[in-house]
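The following exercises are meant to be worked through with the sequence and the structure at hand. Each task is followed by a solution in steps.

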Amino acid sequence: MRHKSRSVAVFPGSFDPITNGHIDIVDRALKVFDEVIISILVNAEKKPLFSAEERLGLIRDAFRGEQRVRGDTFSGLLVDYAMRVGASVIIRGLRAISDFEYEFQMALMNRRLNPRIETVFLMAPEGFSYLSSRLVKEVFDLGGDVRGLVPPVVERRLREKRQSAAKRGRGRKD
Ligand code: ADP
């Protein structure tokens, strides 16, 4: 009998923070692949709300008990990273046509860089097609309710961040 090797996929992104849209994509990917590595791109240019360690912690909390999902960080070329961790697939989520052009460019560039690694697109459900980490942060900042859009642990951490920012603000005035 031919031995089928485990299929490993990387799901790269900023995940600042992870949302229910990301989680939905991972759940879909688990139907197709044996293991999914959610990989945080550590980008020195971007100023994230959550540090890479905090984002990793949130991913681990969100997938606690799910043996086939793990979190990781990487920098440099995604295809090189994928090779290092033994992944043959890159997963990306598609929300709307607006995602398409950028994703198309990236997928073709990655194919040129390493034709052995395939990019697979999974579609967000309608209910999450407007959801992004950026929008969650904006809505939360303005006092809006983000429950149902992010895992409970993320909502908690957003509130803690706001409280500690408010405390720092008060400290400065006193
Ligand atoms: P990036 O900065 O690479 O876009 P993100 O963390 O914003 O990183 O997104 C990572 C991946 O998840 C991307 O493929 C993005 O299209 C996908 N994604 C983000 N939000 C959603 C959503 N609501 N539904 C489906 N896919 C999503």
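**Exercise 1.** Is Arg-134 buried or exposed? Determine also which residue its side chain meets in a salt bridge.

*Solution.* The model is a predicted one. Step one: Arg-134 has a relative accessible area of 52%. Step two: the cut-off for an exposed residue is over 50%, so Arg-134 is exposed. Step three: the side chain of Arg-134 meets that of Glu-138 in a salt bridge, at 3.0 Å from N to O. Step four: both residues belong to helix α5 (residues 133-141), where they are four residues apart, about one turn of the helix. Glu-138 is partly exposed, with a relative accessible area of 38%.

**Exercise 2.** Describe the salt bridges of helix α6 that involve Arg-159 and Arg-157.

*Solution.* Side chains of opposite charge can pair when their charged atoms come close. Step one: Arg-159 and Glu-155 form a salt bridge with an N to O distance of 2.9 Å. These two residues are four apart in helix α6 (residues 152-173), so about one helical turn separates them. Step two: Arg-159 is partly exposed at 36% relative accessible area, whereas Glu-155 is buried at 12%. Step three: Arg-157 and Glu-160 meet in a salt bridge of 3.0 Å, N to O; in helix α6 they are three residues apart, about one turn. Both are partly exposed, with relative accessibility of 22% for Arg-157 and 39% for Glu-160. Step four: a network of salt bridges links Arg-157 and Glu-160 with Glu-54 and Lys-161.

**Exercise 3.** In what order do the strands of the open sheet lie, and which strands stand at its edges?

*Solution.* Step one: the sheet has five strands in the order β3-β2-β1-β4-β5, with parallel pairing. Step two: β3 (69-74) and β5 (118-123) each have a single partner strand, so one side of each lacks a neighbour in the sheet and these two stand at the edges. Step three: neighbouring strands are turned against each other by 35° on average, direction ignored. Step four: β1 (residues 8-13) pairs with β4 (residues 89-94) over two bridges, and the bridge partner of Ala-9 in β4 is Val-89.

**Exercise 4.** Place helix α4 relative to the sheet, and identify the nonpolar surface patch that includes Ile-97.

*Solution.* Step one: α4 lies across β4 and β5 and runs at about 170° to β4. Step two: Ile-97 lies in this helix, which spans residues 97-113, and is exposed at 75% relative accessibility. Step three: Ile-97 forms the patch together with Phe-100, Phe-104 and Leu-108, with about 440 Å² of accessible area in total.

How values were computed. Residues numbered from 1 in each chain as written. Predicted model: local features only at pLDDT ≥ 70, side-chain atom pairs only at ≥ 80, totals over all residues. Heavy atoms only, no water. Patch = residues over 30% accessible without salt bridge, like charges linked within 9 Å, V, L, I, M, F, W, Y side chains within 5 Å. Areas by Shrake-Rupley, 256 points an atom, 1.4 Å probe, with all protein chains shown as cover. Salt bridge = Lys/Arg side-chain N within 4 Å of Asp/Glu carboxyl O. Buried < 20%, exposed > 50% of the residue type's maximum accessible area, 1.4 Å probe, protein only. Pairing = 2+ DSSP bridges. Axes fitted to C-alpha atoms, helices over the stretch in contact; angles between N-to-C directions. Contact = heavy atoms within 4.5 Å.
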